[in-house]
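Here's a quick tour for anyone meeting this structure for the first time. Have a look at the picture first, then dip into the notes by topic.

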Amino acid sequence: MSILSMRDIHAGYGGANILNGVSIDIEAHEIGVIIGPNGAGKSTTLKALFGLLTVSEGSVTFDGEDITNNNPETLVRRGLSFVPQEFNVFPTLSVRENLEMGAYVRRDDFRPLIEKIFEYFPPLRDKHRQPAGELSGGQRQMVAIGRALMMEPKLLLLDEPTAGLSPRYMGEILERVIAINEGGVGILMVEQNARQALAIAHKGFVLAGGRNSFTGTGQALLDNPEVAESFLGGGAH
Amino acid sequence: MEDVGLLAAMPINEIVFFINKVVIAGLIIGSVYALAAVGMTLVSGILRFANFAHGDIMTLGAFVAFVLTMLMPGLGALVGLPTAFVVMPLAMVVTAAVTIFLDKRFYAPLRTVGYKPITLVIASFGVMLMLQGVIRLFFGTAPRQMYVTAKDIYRIPFGGRHIIVTEPQLLLIVFTIVSVVALHLFLTRSRTGKAMRAMSDNADLARISGISTGHVVRTTWIIAGSLAAAAGTLLAMDVSLKPDLSFNLLLPIVAAMIVGGVGQPYGAISGGLLVGFTETLSVFNWAILLRPLKPHLPEWLEIPANLAFVPTEYKLVVPFFILVAVLIWRPHGIFKGRVL
């Protein structure tokens, strides 16, 4: 059964809609990747899903329940976490406090979980008392993903986790994403680095003009000459 | 023995005069500014607007304490503290409740519709005028005394002279220290305190993390309202209670907040003390300190009778001078604050 299914979503920021019928289906424990040109509505899809803008048409079902237009607080409790592309850490809070804020709604002892996050992202362990704003871009991204993992989500939404990172960190973050997924967390992410992202994806969604343009397994999309031509910058390898 | 020798060599009269006129006075007014500015800066950091009604919340708190004092004048004698100070916690609770009510009634509706911060600032001017009107309606404009009995005055001997501190001044200093420490522990140790700092850092991310922003907003108003009430009450105990008690302090308080860095509680505390001390230093008559030098100065040099940097009636410009000076040096305030 699919953990998340978005059916024919229409949404926007008031005024004209940006999404004009986006459908996304992913199974539990899968990695789904959304790619597409600028302005295709990739980030908007994640925001609509996470209740950050109003869905005017269509429905979102998560884990068997309708969550269309639910607020973030409810979604976090249901097991959905979101890492925005920018401004995704609390800069004056220490790394540890950032992680604690991810677990704000938890009332149990979440210290073992912080340990687990330090295992995913070893550089954070040494810097746990340092304000997150002082870290490098890659390490900030680790804090941001760590924060989102503190609720032990069923599905993690990542908005361009490798944007603006050096190639070294880009590879490292994608590797961590795979590790997190193998730990049992479903992933839905938007990526600019389409090739690398599709390579690790179970499912890929190509958006254009606020609509699904291609859908398939990551490998199928990589092999599709039309997708390669229009969205991956050049022929298939 | 050496100490005595050293003391004897120093112009004790002048030093004690300086301590009384500058150190104590600066500490007093600086503490009032700090207590007020800390609440205002927390509100600014979390709700993204400067609440100009904050000064009159202080006055309101003082009037609540005044009413409670008049209702139970004998309470203080039972514990050996001034009645107004004993009822102050209750006045803080009442004032905090009023600020939450004001937020629900006047600010929250504007926030939910998504108006710009400047609209909230203008709304806060409205709330300010309303509070001033309500206070005058019930209490008139005459000054009142918060003390049912005489104020205790402490004389601390120092080199044959006395450093003079009154009871309300001492209470103010102690209260400020205690509340700053308590606030620090709250902000760095408690779940809600950390969530307050998180929301001040990044309100959107706080919401995405599942932080209950309503709870954080309420807590912020409780802290701001109760500290304002305490600052107003303690100030009124030191001077006297008038309806314009703290409206006149609004400008230095805002200056203290900006100097410290908007949204930064530690900045507001240091900004408050900085503004307070600079104010007292700038209106202090330095001629008095120069008098012991007179025998050593050449005949033709006269020390003028008044050598203050700023005449007392222009005291209000001092905070602005500091504001400009600090912002040239550090455009975001002493502790890097946000741009409102």
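Let's start with Glu160(A), which counts as buried because it has 22 C-beta neighbours inside 10 Å, and 20 are enough for that label. This residue sits in the loop between strand 7 and helix 7 of chain A. Keep in mind that everything here comes from a predicted model.

**Backbone oddities in chain A**

- Glu160(A) has a positive phi of about 45°, even though it is not a glycine.
- Most residues other than glycine have a negative phi.
- Asn69(A) is another non-glycine residue with a positive phi, near 60°.
- You'll find Asn69(A) in the loop between strand 5 (65-66) and helix 2 (72-78) of chain A.
- Is Asn69(A) buried, exposed or partly exposed? With 14 other C-beta atoms within 10 Å, Asn69(A) is partly exposed, because that count falls between the limits of 12 for exposed and 20 for buried.
- Gly184(A), just after helix 7 of chain A, takes a positive phi of about 105°.

**Chain A as a whole**

- Chain A is built with ten helices and ten strands.
- How does the radius of gyration of chain A sit with that of a compact globule? A compact globule of 237 residues would come out near 18 Å, and chain A has 17 Å, which agrees.
- Taken along the principal axes, the C-alpha atoms of chain A fill a box of roughly 50 × 40 × 35 Å.
- Out of the 237 residues in chain A, 43% are buried.
- If you take the contacts in chain A with a separation of 6 or more, 64% of them join residues 24 or more positions apart.

**A closer look at helix 7 of chain A**

- Helix 7 of chain A runs over residues 167-182, which makes 16 residues.
- From its first C-alpha to its last, helix 7 of chain A reaches 23 Å, close to the 22 Å expected at 1.5 Å a residue.
- Which residues of this helix are buried? They are Leu174(A), Val177(A) and Ile180(A).
- Those buried residues cover an arc of only 115° around the axis, so they lie on the same side of helix 7 of chain A.
- An α-helix has 3.6 residues a turn, so residues three or four places apart point the same way.
- What do the buried residues of helix 7 of chain A pack against? Their partners are helix 4 (111-120), helix 6 (137-149), strand 7 (155-159), strand 8 (186-190) and helix 8 (194-200) of chain A.
- On the face turned away from the buried side, helix 7 of chain A carries the exposed residues Arg168(A), Glu175(A), Ile178(A) and Glu182(A).

**Chain B as a whole**

- Chain B has 14 helices and two strands.
- For 340 residues, a compact globule would have a radius of gyration near 20 Å, and the 22 Å of chain B agrees with that.
- The box filled by the C-alpha atoms of chain B is roughly 70 × 50 × 40 Å along the principal axes.
- Of the 340 residues in chain B, 43% count as buried.
- Among contacts in chain B with a separation of 6 or more, 75% are between residues 24 or more positions apart.
- Phe85(B) belongs to helix 5 (residues 83-113) of chain B, and it is buried, with 23 other C-beta atoms within 10 Å.
- Phe85(B) and Ala230(B) are 145 residues apart along the chain, yet their C-alpha atoms are separated by 8.8 Å.

**The largest nonpolar core**

- The largest nonpolar core has 161 residues, and Leu157(A), Ala36(B), Ala37(B) and Ala231(B) touch the most other members.
- Helix 2 (residues 12-47) of chain B gives the largest share of this core, with 15 residues.
- Apart from its neighbours within four places in sequence, Ala36(B) is in contact with His54(B), Met58(B), Ala228(B), Ala231(B), Leu249(B) and Ile253(B).

**Where the chains meet**

- How many residues are in contact between the two chains? There are 13 from chain B, and they are in contact with 20 from chain A.
- On the side of chain B that touches chain A, helix 8 (191-201) and helix 9 (203-208) of chain B each supply at least two residues.
- Helix 8 of chain B makes the largest share of that side, five residues.
- By type, the residues on that side of chain B are five nonpolar, four polar and four charged.

How values were computed
Residues numbered from 1 in each chain as written. Chains lettered and ligands numbered in written order. Predicted model: local features only at pLDDT ≥ 70, side-chain atom pairs only at ≥ 80, totals over all residues. Contact = placed C-beta atoms within 7 Å. Helix = DSSP H or I, 4+ residues; strand = E, 2+ residues; numbered from the N terminus. Nonpolar A, V, L, I, M, F, W, Y, C, P; charged D, E, K, R; others polar. Core = buried A, V, L, I, M, F, W, Y, C linked by C-beta atoms within 7 Å. Rg over C-alpha atoms; globule rule 2.2 N^0.38 Å. Expected span 1.5 Å × (residues − 1). Arc of directions from axis to C-beta.
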